[in-house]
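Trainee: I am new to this structure and would like a close look at one part of it. Could you pick a single residue, start there, and then walk me outward through its surroundings?

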Amino acid sequence: AALSAGTPAPPPTPHVFSDPAEIGALRRNLLAWYDRCKRDLPWRTLAATEPDADRRAYAVWVSEIMLQQTQVATVIDYYNRWMQKWPTLQALAQASLEEVNELWAGLGYYSRGKRLQEAAKKVMSELAGRMPRTAEDLQKLLPGVGRYTAGAIASISYGQVTGVVDGNVIRVLCRLRCIGADSSSPAVIDQLWDMASVLVDRSRPGDFNQALMELGATVCVPKAPLCGECPVKQHCRARRRKLFGKPTPVPDVEDCGVGGCPLCPPAMEPWDSSLGVTNFPRKAAKKQPRVARTAACVMERRGCRGALEYLIVQRPSSGLLAGLWEFPSLPLDQDLQGEKEREVLADHLRAWTGWPVVAGGLRFVGEVVHIFSHIHQTYVVYSLTLDGDVTLDPALSPSRWVTEEEFHASAVSTAMKKV
Ligand code: SF4
């Protein structure tokens, strides 16, 4: 049928999967490899053995949220402790945010834990403890659950036939189909979601999705992919192009042969043969992280039990590191230097504690750099020894004295542990 005006043209054939025989072969090859090589992970065991659908969905959900910005190797231990402490949604809904932050401490991107717990409460209070049963409803009804997480939970826990696209899948699909346009652009992302839904295996959607992500994590890795061992190499156009030098099946024209193709590498940055398959995916240049300096003061005193104690205060309940505890800290203006920094910090501590803190009493300890996703943060660390009790104005922010051991068990960020 003729396309009506306004309907977007289908993407050029080199960038899609359209041959049913090829799609069938790719599914079989990928799943056979997954069955042979998949990593043994605690959430996979739960997803395969837990008979209750709500518990299964919860187990997958927790793993997906933890894995969002953190490596598998780091997540495993956190995941096991979490599931032991809160094996069900009901249990999690009853936990306090403080407990959640304590268990999450060190995993980074702390709002993830908080949102998970809020969502569990919502499922208990508004959905009668029942997890939504489709990707669409999961995304619509659960705070913090986006399109990817919803698709992962629904395909892995319920067997819903729906594709998923995460960073690993983006890389694999862009290589399989020589997609060299900016992979973070909406046009490319839409195209990849369509492709994932075309490819996903009809009878084992959860395994297929995990297989595609696993392939990206272990074989089709960013820098030096192991193409020789790849189970889908015969379907990979990037590899073919690397081996034969020209894109097929349009050998006499650059790239896919369609002038101004929205999925090919931009004309200004064509295929670079020294890069091989790592020509794909392409990303627009990253924004430079913001540079920030913060003064942090480790205040210590000899506690009544004789052990050294340190003062920590709680951050506001929203924003970066919401609700976590830290040493009293003060963001610094970029142009402050040396002695000025010390004076500003002393003023701040004096106003805040009511103690006659003078700049000369602050001992400079050193500087600590910590990279948050979008901030290059330098902590300028000072210490101050107090020889009496300090009462702080509780209206300003909650605070408490802790021993070193208690400090490590508190909900403190990795940055503060470095400090
Ligand atoms: Fe990735 Fe290489 Fe496999 Fe292509 S052949 S999907 S580039 S590992």
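Mentor: Happy to! Let us start at Asn101, which sits in helix 6; helices here (H or I, at least four residues) and strands (E, at least two) are DSSP runs, numbered from the N terminus. Before we go further, a word on what you are looking at: this is a predicted model, in which local features need pLDDT of at least 70 and side-chain atom pairs count only at pLDDT 80 or more, while totals for chains, interfaces and linings use all residues. Residues are numbered from 1 along each chain as its sequence is written, and side-chain values use heavy atoms, with hydrogens and water left out.

Asn101 counts as buried because its relative accessibility is 2%; buried means under 20% relative accessible area, exposed over 50%, and partly exposed in between (1.4 Å probe, protein chains only). Leaving aside residues up to four places away in sequence, Asn101 touches Ala322, Gly323, Leu324 and Ala411, where contact means heavy atoms within 4.5 Å. Take Ala322: 221 residues separate it from Asn101 in sequence, yet from C-alpha to C-alpha the two are 9.5 Å apart in space.

To place those partners, look at the domains. The chain is assigned domain 1 (20-219) and domain 2 (290-409), with bounds that come from an automatic or database domain assignment. Their C-alpha centres are 38 Å apart. Where they meet, six residues of domain 1 are in contact with 10 residues of domain 2. The size of an interface is often given as the accessible area lost when the parts come together. Here the area buried between domain 1 and domain 2 is about 550 Å², and carbon and sulfur atoms give 48% of that; buried area is the accessible area (1.4 Å probe) that two parts lose on being put together, summed over both. Our Asn101 features here: together with Glu98 and Tyr110, Asn101 supplies 61% of the area that domain 1 buries against domain 2, more than any other three residues.

Now for the charged and polar links. The rule finds one salt bridge across the interface of domain 1 and domain 2, a salt bridge being a side-chain nitrogen of Lys or Arg within 4 Å of a carboxyl oxygen of Asp or Glu. Glu98 forms a salt bridge with Arg400, and their closest N and O atoms are 3.6 Å apart. Between the two domains, two residue pairs are in polar contact (both at pLDDT 80 or more); a polar contact is a pair of N or O atoms within 3.5 Å, and within protein one must be able to donate a hydrogen and the other to accept it, while residues adjacent in sequence count only if both atoms are side-chain atoms. Helix 6 (residues 97-104) gives the most to the side of domain 1 that touches domain 2, with three residues. The residues of that side divide into two nonpolar, one polar and three charged. In this grouping Ala, Val, Leu, Ile, Met, Phe, Trp, Tyr, Cys and Pro count as nonpolar, Asp, Glu, Lys and Arg as charged, and the others, Gly among them, as polar.

Helix 6 has another link to show you. The side chains of Glu99 and Lys85 meet in a salt bridge (3.9 Å, N to O). This pair links distant parts of the chain, with Lys85 in helix 4, Glu99 in helix 6, and their positions 14 residues apart. Lys85 is partly exposed, with a relative accessible area of 43%, and Glu99 also counts as partly exposed, at 31% relative accessibility.

Along the chain between these two helices, have a look at Thr88. Thr88 is in the loop between helix 4 (72-85) and helix 5 (89-94). At 12% relative accessibility Thr88 counts as buried, and, not counting residues up to four places away in sequence, Thr88 touches Arg55 and Tyr58.

Finally, follow the chain beyond helix 6. Tyr109 is in the loop between helix 6 and helix 7 (111-126). Tyr109 has a positive phi of about 45° although it is not a glycine, and at 37% relative accessibility Tyr109 counts as partly exposed. Ala128, in the loop between helix 7 and helix 8 (135-141), has a phi near 55°, a positive value in a residue other than glycine. Ala128 counts as exposed, at 73% relative accessibility.
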